[in-house]
Amino acid sequence: MRALIIIDVQNDFLTDGLLVVPEGEQIIPVLNNINHHFDVVVATKDWHPATHKSFARNHEDREVGEIVEVNEVPQILWPPHCVKESHGAEFPSDLNTEVIEKVFWKGTNEDIDDYSGFYDNEKLNDTGLHDFLQSKGVTEVYVAGIALDFCVKFTALDAKSLGYKTFMIEDASRGINYRPNDVQNAITDMKVSGIRVIKSYELEKVFSGDY
Ligand SMILES: [Zn+2]
């Protein structure tokens, strides 16, 4: 069984949002176009309390982009984004959400950030995504969404280490490129870890085993 995992396609990461990922909205038609290829479609949402420690404003005298330690774990500071139940945390209205069977929530604990769709950054808690995929008999996962160089990458790396045959759909994903080459480095990291990086037009070839 094949699953598409749509990572954090939420208003705050798109134009007019609070943490804009360049060209983020360009992936929406791509996702809408490919979602029927999969046996299971799930999504994650970044879903933070307003007091989340990944927000620069929740630390004294700290700026966005600085790295601080939260409980001895390095944390990059972001603008506030995806506060739970806010408009910014919702899916964009043009994303086809009817196909999404289940949504998994990330970053809900104010003290720990959560880049992967499977676990928080300290792997103290899991989101339930692995159990759900197991219950559906999923063996192949296709990861896409926002941001390629953070949450997409860490979800794909965890999927691979959990034993799934793992693909990342590049044109259905966009990155922040916070530091120059972050996206390119993320793609390299994924490939080195055995994740296949593909384009959406290659899906049929992949499914037929020719890839
Ligand atoms: Zn976040």
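In this predicted model, Pro22 counts as partly exposed, because its relative accessibility is 45%, a value between the 20% below which a residue is buried and the 50% above which it is exposed. Pro22 belongs to the loop that runs between strand S1 and helix H1. Although Pro22 and Asn177 are separated by 155 residues in sequence, their C-alpha atoms are 9.0 Å apart in space. When the neighbours within four places in sequence are set aside, the residues in contact with Pro22 are Arg174, Gly175 and Ile176.

After this loop comes the question of how H1 itself is placed. Helix H1 spans residues 27-34, and within it Ile27, Ile28, Val30, Leu31 and Ile34 are buried. These buried residues lie on the same side of H1, because the arc they cover around the axis is only 160°. As a general rule, an α-helix has 3.6 residues a turn, so residues three or four places apart point the same way. The partners against which the buried residues of H1 pack are strand S1 (2-7), strand S6 (140-146), strand S7 (165-174) and helix H5 (203-207).

A second helical arrangement involves H3, residues 148-161, and H4, residues 182-192, whose axes come within 10 Å and cross at roughly 5°. Because angles under 35 degrees count as roughly parallel, H3 is described as roughly parallel to H4. On the side of H3, the contact is made by Leu148, Asp149, Lys153, Ala156 and Leu157, while H4 contributes Asp182, Val183, Ala186, Ile187, Asp189 and Met190. Sorted by class, this contact of H3 with H4 has seven nonpolar residues and four charged residues, but no polar ones.

The cysteines can be considered next. How many disulfides does the structure hold? It holds zero disulfides, and Cys82 in particular takes part in none, since its nearest cysteine sulfur, that of Cys151, is 9.2 Å away. In general terms, a disulfide is a covalent bond between the sulfur atoms of two cysteines. For Cys151, the closest cysteine sulfur is that of Cys82, and the 9.2 Å between them is too far for a bond, because a disulfide requires the two sulfur atoms to be within 2.5 Å.

The table sets out the accessibility of these two cysteines beside that of Pro22.

| Residue | Relative accessibility | Class |
|---|---|---|
| Cys82 | 0% | Cys82: buried |
| Cys151 | 8% | Cys151: buried |
| Pro22 | 45% | Pro22: partly exposed |

Both Cys82, at 0%, and Cys151, at 8%, are buried, because each value falls under 20%.

Conventions
Residues numbered from 1 in each chain as written. Predicted model: local features only at pLDDT ≥ 70, side-chain atom pairs only at ≥ 80, totals over all residues. Heavy atoms only, no water. Axes fitted to C-alpha atoms, helices over the stretch in contact; angles between N-to-C directions. Helix = DSSP H or I, 4+ residues; strand = E, 2+ residues; numbered from the N terminus. Parallel < 35°, antiparallel > 145°, perpendicular 65-115°, else oblique. Contact = heavy atoms within 4.5 Å. Nonpolar A, V, L, I, M, F, W, Y, C, P; charged D, E, K, R; others polar. Buried < 20%, exposed > 50% of the residue type's maximum accessible area, 1.4 Å probe, protein only. Arc of directions from axis to C-beta.
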